[in-house]
Amino acid sequence: MAQKSTIYKVELSVSDMDRHYYETHKLTIAKHPSETDERLMVRILAFALNAHEHLEMTKGLSTDDEPDVWQKSLSGEIELWVALGLPTEKAIRQSCSKADKVIIYPYGGRTAEMWWDKIKNSTTRFDNLQVINFSESDTNHLERLASRAMKMQVNIQDGEVMVSVDDRIVSMTPVIWK
């Protein structure tokens, strides 16, 4: 019998001083059985970094033709496509043709660096693509904050990110690769 997703309830408060966005989002997130806590937390962080009233979590790992997070216009066009991990060149090309803006958040330390070294030259033609890396140390610390019911505060200022859950705080510096 197939395992069921685990449901996480997250009250996400975003204070993004760089974009002047201040809002609280109540999220119900299904964590796929094969998804790690690290990936789940990176997915929530990606949501916070791009927070908008029309931003939505998708089915994620259970569908191949959707990103992890997206924002659609009122008429259904994909304005923002947010993917996590290390997508193939084909997946990047397809997402860049479907959306106005694509952001990829690789993570995983040396594996992510090797992926980027291999793929970066083939991404130069995509003007609507942005690649922002999280260090392995940062995502490992972030992973430790995971719990099934979270009140999470994300503060963003001058490109620095501070994530807090209860009395635990992780400071991160995302690195823009493209």
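Gln-157 is found in strand β8. The model in which this residue is placed is a predicted one. With a relative accessibility of 43%, Gln-157 counts as partly exposed, because that class covers values between the 20% limit for buried and the 50% limit for exposed. Beyond its neighbours up to four places away in sequence, Gln-157 touches Met-17 and Asp-18. The C-alpha atom of Gln-157 also lies 6.4 Å from that of Asp-16, although 141 residues separate the two along the chain.

Strand β8, which spans residues 149-157, leads on to the interior of the protein, for it supplies at least two residues of the largest nonpolar core. This core has 38 residues, and those touching the most other members are Leu-12, Ile-44, Leu-45, Tyr-105, Met-152, Val-154 and Val-163. At least two core residues each also come from β1 (6-16), β2 (21-31), α1 (37-49), β5 (78-84), β6 (99-105), β9 (160-165) and β10 (168-172). The greatest contribution is that of α1, with nine residues.

Leu-45 illustrates how this core is connected. Leaving aside residues up to four places away in sequence, Leu-45 touches Phe-134, Leu-142, Val-154, Val-161, Val-163 and Met-172. A second core, separate from the one just described, holds 15 residues, and Cys-96, Val-102, Trp-115 and Phe-126 are included in it.

Of these members, Val-102 merits a closer look. Val-102 is found in strand β6, and its relative accessibility is 0%, so it counts as buried. Its contacts, again without residues up to four places away in sequence, are Trp-81, Ser-95, Cys-96, Asn-128, Leu-129 and Gln-130. Between the C-alpha atoms of Val-102 and Pro-67 the distance is 9.5 Å, with their positions 35 residues apart in sequence.

Pro-67 is in turn a partner of Thr-58, whose side chain reaches the backbone oxygen of Pro-67 at 2.2 Å. Thr-58 lies in the loop between β3 (55-57) and β4 (69-72). Despite this loop position, Thr-58 is buried, since its relative accessible area is 12% and the limit for that class is 20%. Apart from residues up to four places away in sequence, Thr-58 touches Arg-43, Glu-66, Pro-67, Asp-68, Val-69 and Trp-70.

Trp-70 introduces the aromatic residues. Across the whole structure, a search finds four aromatic pairs. In one of them, the ring centres of Trp-70 and Trp-81 are 6.4 Å apart and the planes meet at 65°, so the pair is edge-to-face. Because Trp-70 belongs to strand β4 and Trp-81 to strand β5, the pair ties together parts that are eleven residues apart in sequence. Trp-70 and Trp-81 are both buried. The rings of Trp-115 and Trp-116 have centres 5.9 Å apart, and their planes stand at 40°, so this pair is tilted. Both of these residues, Trp-115 and Trp-116, are buried as well. Ring pairs join Trp-115, Trp-116 and Trp-177 into a cluster.

A further ring interacts with a charge. The charged end of Arg-19 sits over the ring of Tyr-21, at 5.4 Å from the centre of that ring.

Note on methods:
Residues are numbered from 1 along each chain as its sequence is written. This is a predicted model: local features need pLDDT of at least 70, side-chain atom pairs count only at pLDDT 80 or more; totals for chains, interfaces and linings use all residues. Side-chain values use heavy atoms; hydrogens and water are left out. A nonpolar core is a set of buried Ala, Val, Leu, Ile, Met, Phe, Trp, Tyr and Cys residues joined through side-chain atoms within 4.5 Å. Buried means under 20% relative accessible area, exposed over 50%, partly exposed in between (1.4 Å probe, protein chains only). Helices (H or I, at least four residues) and strands (E, at least two) are DSSP runs, numbered from the N terminus. Contact means heavy atoms within 4.5 Å. A polar contact is a pair of N or O atoms within 3.5 Å; within protein, one must be able to donate a hydrogen and the other to accept it, and residues adjacent in sequence count only if both atoms are side-chain atoms. Rings of Phe, Tyr and Trp (its six-membered ring) pair if their centres lie within 6.5 Å; planes under 30 degrees apart count as stacked, over 60 as edge-to-face and the rest as tilted. A charge sits over a ring if NZ of Lys or CZ of Arg is within 6 Å of the ring centre and within 35 degrees of the ring normal.
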